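Biologist: Before I use this structure, I would like to hear the reasoning behind its labels. Please set each value against its cut-off.

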Amino acid sequence: MNRKRVVVTGMGIVASNATGLEDFQNAIKEGKSGIRFLPELQKLNFGCQIGGVPDISNSKYEDILEKYHFENAGQNVKYSCLAAAEAWLDAGLTIPDPINSETDYETGVIIGSGVGNIDVFTDKIFPLVSQGSVRKLRSHTAEFTMFSAASANIALILGCGNHISANSSTCSTGAESIILGVERIRNGLAKRMIVGSSEIASPYVWGAFDSMRVLCRDYNDTPEKASRPMSASAAGFVPSAGAGVLILEDMDSALERKARIYAEISGVALNSGGQRKDGTMQAPGTEGVRRCLRQSIEDAGINTEQIDYICGHLSSTMADVLEINNWAAVLNRYGNDFPYINSLKSITGHALGASGTIETIAAIIQMYYGFLFPSLNCEDVHNKITDLINPDKIVRNTIYTKNINFVAKASFGFGDINASLILKKI
Amino acid sequence: MFEKILKIIEKYSFNKDLVKNAKPESKIIADLNINSTRIVDIILDVEEEFNIEVEDTMLEKLITVGDLQKYVESKIS
């Protein structure tokens, strides 16, 4: 059986610098930072006292939270459901009436996360159970703490009856969720997949990284300067939160209903370096990364010269140099021949499990609307990067161009896990 | 009292009309289409609203809106 082609017909976003597609597009175009000083982290003696926390108070889809009684849900469910509602409507589909509607067996939901719903544990379950008030937990606690809470609640709103699940692979979670959806549609097992990922803002999540000293602690007084991917002065990543959701659809189905097609997901690959050689629990190994990038390009059936732009994982750590090195080697393109590249984390911070989908949405927006956003704070490009590529290939001021036809988007996560996507303009 | 109880039940309903038109003999789960797990929330809300404590053994006995109303009245009298 020939595999089905998979396209993106809808997107929804909750990010640290904007909530909603339109505001997000404007924010990234302007390089509007979502990173700010967080007094709570200072009070808790964090080295890194900054982060990116989304503001969902003005979301156009807030009535969904009220209608489905999500006021007691954690950030994961709230962010995901807001993004999913936006994506579903953006795809030209309608949200069914909860009473008088049938199950949609053609649509599945896979929303992943790095840590899930632990804010419900820390803020509610631990205090109530510890003080002997377990009966006050209420009935929704289970449905808001199960790891698949976001997927199950989106399925509740939309009546989805295909594969309903949640994935987790640390910082590659978002890209992985897209790949799982692509594979299901390619194999003819679903017509439509709602895929995405979300991550909460919490000192109980960020504390682990602060204690490892991998968070930036040198820019607490100038938060917008803190996330500095590809710069010589990069000093660790800046934690953030949010969610990105995409509607993936069988291309035939999208064409049949005359849906707007943002892009095709034409190549995908997932692997792990196995934590061998230079790969460790924390660091992606060179061999595994290169295999993964190469496989996604082969899966798309294109030549390495056809990649016009890379939406980097680039998190403002020492690994940025390795990432550029791996891309240059896999593409065999150096100097002025290297594609354009930027890092959304310079603007939003690192939303961990949510970053892969938020960045893929940013990549698609750029390709579809014809611009490349500025990568902030890399006025002092690392010399090991300038040894490999022309620094002008790093987008530092907004570029307007319609000549972006193929985009590469990769994510790398703890566990030596890699995920790579090739996005094609339609 | 009846109206206050209905207002609590309505919070957990997708079909608000069913709840608005409820009678004392209406069964909370079967007639008002309330998800059965929400009974514990309705009880907790009733406890907070009327400043009473509902014994856990009562959960299975409070079937109709009227059952709940009579029980609350007996506790606060």
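Modeller: The model is predicted, and the count of disulfides over all chains is zero.

Biologist: How do you know that A:Cys48 has no bond to the closest cysteine sulfur?

Modeller: A disulfide needs two cysteine sulfur atoms within 2.5 Å. The closest cysteine sulfur to that of A:Cys48 belongs to A:Cys216 and is 6.3 Å away, so the two are too far apart for a bond.

Biologist: And what keeps A:Cys160 out of a disulfide?

Modeller: The nearest cysteine sulfur to A:Cys160 is that of A:Cys81, at 11 Å. The cut-off is 2.5 Å, so A:Cys160 is in no disulfide.

Biologist: Why are A:Cys48 and A:Cys160 put in the class they are in, buried or exposed?

Modeller: Buried means under 20% relative accessible area. A:Cys48 has 1%, so it counts as buried. A:Cys160 has 10%, so it is buried as well.

Biologist: What makes A:Glu264 and A:Arg5 a salt bridge?

Modeller: The rule asks for a side-chain nitrogen of Lys or Arg within 4 Å of a carboxyl oxygen of Asp or Glu. Between A:Glu264 and A:Arg5 the N to O distance is 2.7 Å, so the pair qualifies. It links distant parts of the chain, 259 residues apart: A:Glu264 is in strand S8 (residues 263–272), and A:Arg5 is in the segment before strand S1 (6–14), both of chain A.

Biologist: Which of the classes, buried, partly exposed or exposed, do A:Glu264 and A:Arg5 fall into?

Modeller: A:Glu264 has 6% relative accessibility and therefore counts as buried. A:Arg5 has 38%, which lies between the 20% and 50% limits, so A:Arg5 counts as partly exposed.

Biologist: Why is the pair of A:Lys409 and A:Glu359 called a salt bridge?

Modeller: Their side chains meet at 2.8 Å, N to O, and the limit is 4 Å. A:Lys409 sits in strand S13 (residues 406–413) and A:Glu359 in helix H14 (residues 355–369) of chain A, 50 residues apart. A:Lys409 has 0% relative accessibility, so it counts as buried. A:Glu359 has 1%, so it is buried too.

Biologist: What is there in chain B, for B:Lys11 and B:Asp45?

Modeller: B:Lys11 and B:Asp45 form a salt bridge at 2.9 Å, N to O. B:Lys11 lies in the loop between helix H1 (2–10) and helix H2 (16–20) of chain B, and B:Asp45 in helix H3 (residues 39–50) of chain B, so the pair ties together parts that are 34 residues apart in sequence. B:Lys11 is partly exposed because its relative accessible area is 41%, while B:Asp45 is buried because it has 8%. Both residues belong to a network of salt bridges with A:Arg138, B:Asp41 and B:Glu48. Over all chains, a search of the whole structure finds 25 salt bridges.

Biologist: What makes A:Glu66 exposed?

Modeller: Exposed means over 50% relative accessible area. A:Glu66 has 63%, so it counts as exposed. Its place is in helix H3 (residues 62–67) of chain A, and it forms a negative surface patch with A:Glu62, A:Asp63 and A:Glu71.

Biologist: How do you know that A:Ile99 may be part of a surface patch?

Modeller: A patch residue needs over 30% relative accessible area. A:Ile99 has 36%, so it passes that limit, and it is partly exposed. A:Ile99, A:Leu156 and B:Phe14 make a nonpolar surface patch of about 240 Å². A:Ile99 is found in the loop between helix H4 (75–90) and strand S4 (107–113) of chain A.

Biologist: Why are the phi values of A:Gln275 and A:Ser316 listed?

Modeller: Most residues other than glycine have a negative phi. A:Gln275 is not a glycine, yet its phi is positive, about 55 degrees. A:Ser316, also not a glycine, has a positive phi of about 75 degrees. A:Gln275 lies in the loop between S8 and helix H11 (286–300) of chain A, and A:Ser316 in the loop between strand S9 (309–311) and helix H12 (319–331) of chain A. A:Gln275 has a relative accessible area of 33%, so it is partly exposed. A:Ser316 has 0%, so it is buried.

Technical notes: Residues numbered from 1 in each chain as written. Chains lettered and ligands numbered in written order. Predicted model: local features only at pLDDT ≥ 70, side-chain atom pairs only at ≥ 80, totals over all residues. Heavy atoms only, no water. Patch = residues over 30% accessible without salt bridge, like charges linked within 9 Å, V, L, I, M, F, W, Y side chains within 5 Å. Areas by Shrake-Rupley, 256 points an atom, 1.4 Å probe, with all protein chains shown as cover. Lys, Arg positive; Asp, Glu negative; His and termini not counted. Charge placed at Lys NZ, Arg CZ, Asp CG, Glu CD. Helix = DSSP H or I, 4+ residues; strand = E, 2+ residues; numbered from the N terminus. Buried < 20%, exposed > 50% of the residue type's maximum accessible area, 1.4 Å probe, protein only.
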